[in-house]
Amino acid sequence: MAEKSRADWQAAAKSLRIDGRAFINGRSVDALSGETRPTFNPANGQEIAQVAYCGIEDAELAIASARAAFESGVWSEMAPSDRKMVMVRWAELIQQHQDELALLECMDVGKPIDNTLNIDVAAAVRTIRWSGEAIDKVYDEIPPTPASSLALVQRLPLGVVAAIVPWNFPLSTTAWKLAPALATGNSVILKPATNTPLTALRIARLAAEAGLPDGVLHVLPGSGGSLGKHLATHMDIDGLTFTGSTPVGQLLMQYSGQSNLKRTFLELGGKSPNIIFADANLEAAASMAAVAVFYNGGQTCTAGTRLIVEESIHDRFLEMVIENARGWMPGDPMDPATTMGPMIDSGQFGTVAGYVDVGRGEGAELVFGGKRCLADTGGHYHEPTIFSGVHNQMRIAQEEIFGPVMSVLSFKDAEEAVKIANDSIYGLAGAVWSNNINTAHKVARAVRVGTMGINNYFGGDMTVPFGGFKQSGNGRDKSMHAFNDYTELKTTWIEFE
Ligand code: NAD
């Protein structure tokens, strides 16, 4: 099938029928209050749809329904091989609706259509299928006990899990939460980010079509501070899985402690180091250095925003990176050729512009970009931006900007590179580029992050765990390790007479 053009996507957008109702107990419903809020297309500021704005009373309904479904065993006690069939069917339905979902995500988030189709939707399909296919292959344990006894160590679902996700990767983070939580037999209540609810609502309806029993999955659009807090402090929610900012993650840990100590797993922010040694393949490293920061407009938790370059190649390498940055000028997300879209909203644009001022004020040198662009579209587009002469104590080296802003630092030797890399409250991701196997491995091991690339950035797939060290979080999405966040270990000890 020929690839769709911008005109094709625009035409498809016009005929899209968007259902902004919440998904509670297997049905699309209005919020009990009847309240709705608009969601806007960041590319042009226009309203896309009105979306149910759920409150405490909707949460109570969903929690009671989720609890009843869990206790009934309709899903929690279903044979894993049957749960697998539902999950695989669900993944297939998502794949069949890939164009619709890619378009919804493109319009809701302002992400380039090529990304939403080939990365976000594809990741959701793979995550749900993989987790479903895995679940009837997980064995529990029989530990070595004396012959007079037998012990069983089983994984049991937590019960009712709340999942709260951000706006930067709405569909893929939703899939990263829902897939392992549902595969392990939990009931789940998902709160999407207030400004990006559309794909989560759509895939919930597809889950019902795939045969997920009523009451097992609920999607409640609504505010973080009210609805999100209500879920996080609720006494009848057993687990909370979260992707979002570190400050909100800190609140959620407190909410857990103040309520029922619900299992709380967090995937948080980052300020990831990308370390370039002089002996690396510099062409490849420069190209990926730009991808690492400008992909998704820098609104990526793992963005390699601190480019740490060996002194001897600093000036030459910086020129190469600037050359690559020219390929990331923003454009219309519905154009398949666009690499970078707008910032999600005016608030995020203001944050980015504010940090550009901070960088200048701190004495860093603005060597590329730094300005608003495409202002006449009504969207909040920001140029790819590079600061050189950055010291690691500057705010633009320490704080998560969440925009297309790269801070370039330099180092003398491997020891200094590692010291700079680790001098951060975050520990989410990073990379090292070197053709010396010793340097690459030693540095990769020493940098305290959850995912480290050697001669690549953003490497990985569904088979490997994803999560942070330090203030980047404590949970692990993806791979079999994700099942740990949604299960309790239960020991049954049997004594023979
Ligand atoms: P955010 O923390 O502001 O919001 C995330 C979610 O939490 C939203 O659904 C929001 O409504 C909700 N929320 C806000 N306040 C709440 C409260 N008091 N109680 C309960 N819920 C609340 O984050 P964001 O701005 O949507 O997303 C950007 C952040 O997410 C960045 O820091 C980014 O690094 C991080 N992120 C991390 C990962 C990862 O896997 N580590 C992936 C993507 C994004």
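In this predicted model, the ligand is surrounded by 28 residues, of which Val-165, Trp-167, Ser-245, Leu-268 and Glu-400 come nearest. Both domains take part in this surround, since at least three residues of the shell are drawn from domain 1 (6-268 + 473-491) and at least three from domain 2 (273-462). Among the secondary-structure elements, helix H8 (224-233), strand S9 (239-243) and helix H9 (246-258) each give at least two residues to the shell, and the largest share, four residues, is that of H9. By class, the shell consists of 16 nonpolar, eight polar and four charged residues.

Several polar atoms of the protein can be followed to the ligand individually. A polar backbone atom of Val-165, one of the residues that come nearest, is 2.8 Å from an oxygen atom of the ligand, while Lys-191 places a polar side-chain atom 2.9 Å from a ligand oxygen atom. A nitrogen atom of the ligand, in turn, lies 3.4 Å from a backbone N or O atom of Gly-224. Taken on its own, the ligand has 850 Å² of accessible area, and the protein covers 89% of it.

A further site to examine is the second largest pocket, which holds about 430 Å³ of space. It is lined by 17 residues, and those closest to its centre are Pro-80, Arg-83, Arg-155, Pro-157 and Thr-184. Helix H3 (80-96) and strand S5 (149-157) are the elements that contribute two or more residues to this lining, with S5 supplying the largest share, four residues. The lining of this second largest pocket comprises eight nonpolar, four polar and five charged residues.

Key. Residues numbered from 1 in each chain as written. Predicted model: local features only at pLDDT ≥ 70, side-chain atom pairs only at ≥ 80, totals over all residues. Heavy atoms only, no water. Near = heavy atom within 4 Å. Polar contact = N/O pair within 3.5 Å; in protein donor to acceptor, adjacent residues only side chain to side chain. Areas by Shrake-Rupley, 256 points an atom, 1.4 Å probe, with all protein chains shown as cover. Nonpolar A, V, L, I, M, F, W, Y, C, P; charged D, E, K, R; others polar. Domains from an automatic or database assignment. 1 Å grid on protein atoms, 1.4 Å probe; cavity = no way out; pocket = protein on both sides within 12 Å on 5 of 7 lines; lining within 4 Å. Points joined across faces, edges and corners; volume = space filled by probe spheres on them.
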